[in-house]
Amino acid sequence: MLWGKIFGINADYFIVQGRGEDELKDKKNLYSFNCVDWFLLPPATDAMIEEVSKAAQGRFMGDPSFKYEHVETHRQGGEAEAAEEEDEVTIKVSEEERLVVTIHQIDREVSVVPRGAFIKSHGLIQTNRSFNGLSHSEAGKLHNFLHFTEPKNLKKKSILEMAYLDPSIDFLDPLSDDTPKGSWSLQFECGSNVCVLRSLLWLGLTFYHVPMAPQHGYIYMGDGTKNLDLPFML
Amino acid sequence: MEARGGKQDMEQQKLHTAACLKAFMLTNSTKTNLNLYDHLTRLLMRLMDERPPDAVDVIEDMSRDVKRALFVERQSTLRAAPHTAATQRLAERQRLLFTRGEEGDQEDELVATADTPALPNVSEVGFYLEQAGVGLGREEMQRIFLALKQLVESQPLQHCRLWGKILGIESNYVIAEAEYREGEEEEEQSTEETAEEEREAETRDDEEESEAKESNPLPQSTYKPPPVVPKEANRTGVNKFVYYVCKEPGLPWVKLPSVTPAQITAARQIRKFFTGRLDAPIASYPPFPGNEANYLRAQIARISAGTHVSPQGFYQFGEEEGDEEEAIPRDSYEVNPDFEGIPVPEMVESLSTWVHHVQHILQQGRCTWVNLAAKPEEESYEEGDAEEKEEEPDEPEPEVGPSLLTPLSEDAELFHTPPWSTRISSTLTSQYAVAVLRSNLWPGAHAYVCGKKFENIYIGWGLKFAGDSYNPSVPPVPQKEYPSGPEITEALDPTLEEEEMLNAALEEQQAAQEELDDMDEEEEEGDDD
């Protein structure tokens, strides 16, 4: 499925995502410049995430071999003589790694599905073939939309809240638990024929859902930069 | 005899039990109000009519069917209230867009015979934008087209253009840029504003007078707010165009108020999302003077000044007015009739083929600099006076920005990103391709050119690229309340020893004084002797 497009300064990346048996875990990402030649991206590892978060700043360049450099200096032996024994650690990150980590972060933080669209059977997460869509009133409430990643907050709910949940479809975190509140913009377009959710944390992620129909999907078209100023802007 | 009686008894008993059984079968069920006797009767009658094969096997199904057939639908007395879906409401509003106006239509079309027709060709713009990879989708563009037509018919506009769309949290804004015909402009609320200011000044004077009458006047505040920069007149500088806003095509267009320099300087320092309601307050620091409509207008002004570009040569300056040495900031341009399109590959390769055609906004918040330190009587915007004042040393430096029609290659970089990115719409059919320019400073601002046609559009959130992080400005140091003077500065109360020392010193002084007086008296007496 077309995952989206990341705009770089010199060129844009088209990103495509493939899903395996388990929709949540088996994911493979590919990128291309002209939608004809595709390159496979490696999966993201924790070390990669850490490096990228330190080194890569600013916009994407558009060149997958572009190197971002970050120099860290560790000072050792701080007595009267300072600036001695500096260990300079240069972290170099290629743009391809940055791409991998960005896609991984976006998927983890803002990918959305409506409640009931996926079911967990035998530990595998699969599409629910009998999903008929949310109703108009349900589509107006944020807690009917779930994050499509490993749930973080599920176990912390009180038993009272868990009573309303159905374990086969409520195995993901709802959007209404996001902090800060209001980081999603929910709108009805075309006279409430389509419900559109836009993320304010990653500007450019748009999710659509047609109420009373099983059509839904999300796409990211943007810079690939996280909006860290969100609390100031609300 | 007894046998006959016994037989009759037995018959009566049998009849009695039969009657009991029948009575039992006739009792209505508590749940369904049916009784077994009637049900069996009906079932047997149906059997007699239909005579199905293997009747004993299907008897249960037949029994259920008979029961189901008895259900009588009763209309409840409640009637569903007519519920108009949101789609229906929107369709009714947008229906007006699709109907033709009244007879005045034909005349208006003839009247607007100026060179530039008032209504822009939004379908064409939409097509080129689609080629460029930007836009709103055909259906929405078509509705916006019709809404613009409605706007042009209702207001006396000379020139109108789709400026773009700004996304908000609850709803979005579709914005149209327009210019009134000559002489058709409304007076606006300027008279209201000046009347309000006069009233406020009067109340302030009254308060000051009443304070002065008190015996112990409170210390007057020495804080003088910095002088307010006057806003530019309509049709000049930042307020050159008038902007209309609507939430969705079909809803009425709302005119945005003109922008003041204070609003522009405040908008430069804050970073807020739009909610979608024009009267929403903006809670921010530094406090924004106005509500969301003013903030929207200020952002539109900044975006226009920063990202509206055209191919070089499309616009040219008017006739030269005076010496070419004087740096008159030009603020008018006209369409160049001899413009021949620049080939698309050239437009994509170098940025010097594009020029800004909107004036840059100075630090002050206006396009033409105004000297605030001038005294009110001498305030004038003529060139000569401004030059004289520049020579005085304490006058502030006039602010200068890049002049009109400067090419983009001179745009400054911000946060290590080049300010513009160029793309060509298709590498495969480059002779018919469209050159696209995308701004990196205002993400969402696009411009395209194809031959002689070009257009600017903005589709985005209305925020400037702020680098990695945005630092809100720190509030200033709190001011001292009163000017410190001897009356109110605290001094330590003198301690007991100091008081005693003072008293002793005073007594000594007095004693010395008395001695002197005595001596004087003695001397006088002595003299008298």
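Residues count as partly exposed when their relative accessible area falls between the buried class, under 20%, and the exposed class, over 50%. With that in hand, here are some close-ups of this predicted model.

**View 1. A negative surface patch on chain B, with B:E521 as one of its members.** B:E521 has a relative accessibility of 45%, so this glutamate counts as partly exposed. Its place in the fold is helix 13 of chain B, which covers residues 496-528. Joining B:E521 in the patch are B:E514, B:E515, B:D517, B:D518 and B:D520.

**View 2. The cysteines B:C20 and B:C160 in a structure with 0 disulfides.** A disulfide is a covalent bond between the sulfur atoms of two cysteines. Searching the whole structure, over all chains, turns up 0 of them. B:C160 is in no disulfide, and the nearest cysteine sulfur belongs to B:C246, 11 Å away. Pairing would need the two sulfur atoms to lie within 2.5 Å. How much relative accessible area does B:C160 have? The value is 2%, and B:C160 is therefore buried. B:C20, by contrast, reaches 44% relative accessibility, so this cysteine counts as partly exposed.

**View 3. The tryptophan A:W38, set in a loop of chain A.** Follow chain A from strand 3 (27-32) towards strand 4 (39-40), and the loop between these strands holds A:W38. A:W38 is partly exposed because its relative accessible area is 34%. For a distance to check on screen, take A:V16: this valine is 22 residues from A:W38 in sequence, and their C-alpha atoms are 8.9 Å apart in space.

Key: Residues are numbered from 1 along each chain as its sequence is written. Chains are lettered from A and ligands numbered from 1 in the order in which they are written. This is a predicted model: local features need pLDDT of at least 70, side-chain atom pairs count only at pLDDT 80 or more; totals for chains, interfaces and linings use all residues. Side-chain values use heavy atoms; hydrogens and water are left out. Patches are made of residues with over 30% relative accessible area and no salt bridge: like charges are joined within 9 Å, nonpolar side chains (Val, Leu, Ile, Met, Phe, Trp, Tyr) within 5 Å. Accessible areas come from the Shrake-Rupley method with a 1.4 Å probe; for residues, only the protein chains shown count as cover. A salt bridge is a side-chain nitrogen of Lys or Arg within 4 Å of a carboxyl oxygen of Asp or Glu. Lys and Arg count as positive and Asp and Glu as negative; His and the chain ends are not counted. The place of a charge is taken as NZ of Lys, CZ of Arg, CG of Asp or CD of Glu. Helices (H or I, at least four residues) and strands (E, at least two) are DSSP runs, numbered from the N terminus. Buried means under 20% relative accessible area, exposed over 50%, partly exposed in between (1.4 Å probe, protein chains only).
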